[in-house]
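Here are some notes for anyone opening this one for the first time. Keep the structure on screen and follow along point by point.

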Amino acid sequence: MRKRLSKDEYVAGVLEGNRMILSRAITLIESQLDTDKALAREVLETLLPHTGNSVRLGITGVPGVGKSTFIETFGKHLTTQGKKIAVLAIDPSSQISKGSILGDKTRMEELSRDPLAYIRPSPAGISLGGVTHKTRETMLLCEAAGFEVIIIETVGVGQSETFVHGMVDFFLLLMLAGAGDELQGIKKGIMEMADLVAITKADSGNELQARQAKVSYENALHLFPASGSGWYPKVLTCSAMTQMGIDDIWKTILSHRELLQQNGYFFNNRKQQNLAWMHDFIKQTLEERFYQNPQIQQELSSVESAVTEGQKLPIKAALELLRLFEKSIYS
Ligand code: GDP
């Protein structure tokens with residue numbers, strides 16, 4: 001068995017940018033053991049003053065749109081400039097399959113061998129809320145380890161995008177030309193969250209179609225109300241194959257950052273995100289404690305059958321259980 005590391009060893013290792021210790025610290029964060037959780041909290045708390053300095057970037061798009069190819073090209077573009085980048089994934093499928101698809105290293109083969117890049121698969125087997133919480137903590141660890149750009153990748157089909165939007169500074173939506181939004185399975189709400197829509201695969205004779213799609217997305221984005229940050233979402237075309245447009249995307253991210261840092265929205269957004277994180281954690285912990293409470297576990301199935309049999313109003317049943325829970329924690 002590996003020697004257990006102390007808090008100081010974790011902290012020093014992460015601050016040195018030691019990847020082996022960073023990986024172990026992330027594993028500690030993902031652990032469900034109470035002793036590990038307590039140590040993880042201490043490590044994070046000590047590292048907190050060293051966090052917050054990265055460009056936090058969310059990337060989404062339906063499977064097949066070209067996310068991993070884009071991240072590989074975009075990531076190499078940044079590491080060539082000497083930037084350290086980390087790629088994390090929020091992968092709803094890993095909760096079902098108990099294995100990670102998104103964070104799979106073989107998907108970004110070249111980038112995963114790059115000494116300036118760090119790719120971490122999504123933790124499997126815990127709830128989406130749990131993964132979100134752990135991804136936030138992992139992001140802080142990566143910042144303390146000196147990563148300058150943190151990419152959080154997710155499949156653009158469900159709730160995970162809202163979670164990602166709640167933890168990044170900039171939200172990039174990848175789309176394809178020649179298919180309507182509905183065909184691409186992208187929900188309107190996701191379009192609304194985008195700071196930049198990039199029409200990818202604009203190569204191999206697909207360039208004109210991509211430019212046409214750019215115009216129609218620009219028109220669609222105009223219909224959304226302004227975000228209040230002073231930033232108007234942009235649409236660009238790019239190709240992860242030829243690298244066309246990749247640098248423009250990076251420059252757009254930087255100009256968004258500059259504008260929002262100047263008008264104060266950037267820091268305000270991060271403050272609000274921290275508050276939301278706290279509230280999410282409260283809700284999640286309350287729910288876990290409720291369902292893990294021995295008295296609730298004892299009573300739950302009989303109350304459930306009373307509800308399904310129509311003998312009890314669902315709200316009344318819920319209130320009874322909540323009262324039982326409150327009593328058990330205050331007694
Ligand atoms: P993901 O599921 O969103 O991660 O998509 P992938 O990155 O795995 O890409 C899906 C397919 O699209 C693969 O066969 C890629 O080779 C191809 N692809 C990705 N980006 C580009 C691009 O910029 N141009 C072209 N022509 N093909 C691309």
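**Notes on the model**

1. Let's start in a loop: glutamine 243 sits between strand S7 (234-237) and helix H11 (246-262). The model is a predicted one, so everything here is computed from it. Phi of glutamine 243 is near 75°, a positive value in a residue other than glycine. That's worth a look, because most residues other than glycine have a negative phi. With a relative accessible area of 48%, glutamine 243 is partly exposed, because partly exposed covers the range between 20% and 50%.

2. There's another positive phi to check, at lysine 201, where the value is near 60°. You'll find lysine 201 in the loop between S6 and helix H10 (207-222). Is lysine 201 buried, exposed or partly exposed? Its relative accessibility is 36%, so lysine 201 counts as partly exposed.

3. Now the ligand. Which residues come nearest to it? There are 15 residues around the ligand, and Gly64, Thr69, Arg107, Asp203 and Ala240 come nearest. By type, the shell divides into five nonpolar, six polar and four charged residues. Helix H4 (residues 67-80) gives the largest share of that shell, with three residues.

4. Zoom in on the ligand's oxygen atoms. One oxygen atom is 2.5 Å from an N or O atom in the side chain of threonine 69. In the case of serine 68, an N or O atom of the side chain is 2.9 Å from an oxygen atom of the ligand. Lysine 67 uses its backbone instead: an N or O atom there lies 2.8 Å from a ligand oxygen. As for cover, the ligand has 570 Å² of accessible area on its own, and the protein covers 68% of that.

5. Glycine 64, one of the residues that come nearest to the ligand, lies in the loop between S1 and H4. Glycine 64 counts as exposed, because its relative accessibility is 55% and the cut-off for exposed is over 50%. If you want a long-range pair to trace, try glycine 64 and asparagine 206: they are 142 residues apart along the chain, and their C-alpha atoms are separated by 16 Å.

6. On to the strands. Why call strand S5 (residues 170-176) largely enclosed by the rest of the structure? Because six of its seven residues are buried. S5 runs parallel to strand S1 (residues 55-61), and four bridges join the two; in that pairing, phenylalanine 170 of S5 is the bridge partner of leucine 57. S5 also pairs with strand S6 (residues 196-200), again in the parallel sense, over five bridges. Here leucine 176 stands opposite threonine 200 in S6.

7. Strand S3 (residues 117-120) is a nice one for seeing alternation. Ala117 and Ile119 point one way while Tyr118 and Arg120 point the other way, and all are buried. S3 pairs with strand S2 (residues 85-90) in the parallel sense over four bridges, with valine 87 opposite isoleucine 119 of S3.

8. Last, the cysteines. How many disulfides does a search of the whole structure find? Zero. Cysteine 142 is buried, with a relative accessible area of 0%, and cysteine 238 is buried as well, also at 0%.

Note on methods
Residues numbered from 1 in each chain as written. Predicted model: local features only at pLDDT ≥ 70, side-chain atom pairs only at ≥ 80, totals over all residues. Heavy atoms only, no water. Disulfide = S-S within 2.5 Å. Buried < 20%, exposed > 50% of the residue type's maximum accessible area, 1.4 Å probe, protein only. Near = heavy atom within 4 Å. Polar contact = N/O pair within 3.5 Å; in protein donor to acceptor, adjacent residues only side chain to side chain. Areas by Shrake-Rupley, 256 points an atom, 1.4 Å probe, with all protein chains shown as cover. Nonpolar A, V, L, I, M, F, W, Y, C, P; charged D, E, K, R; others polar. Pairing = 2+ DSSP bridges.
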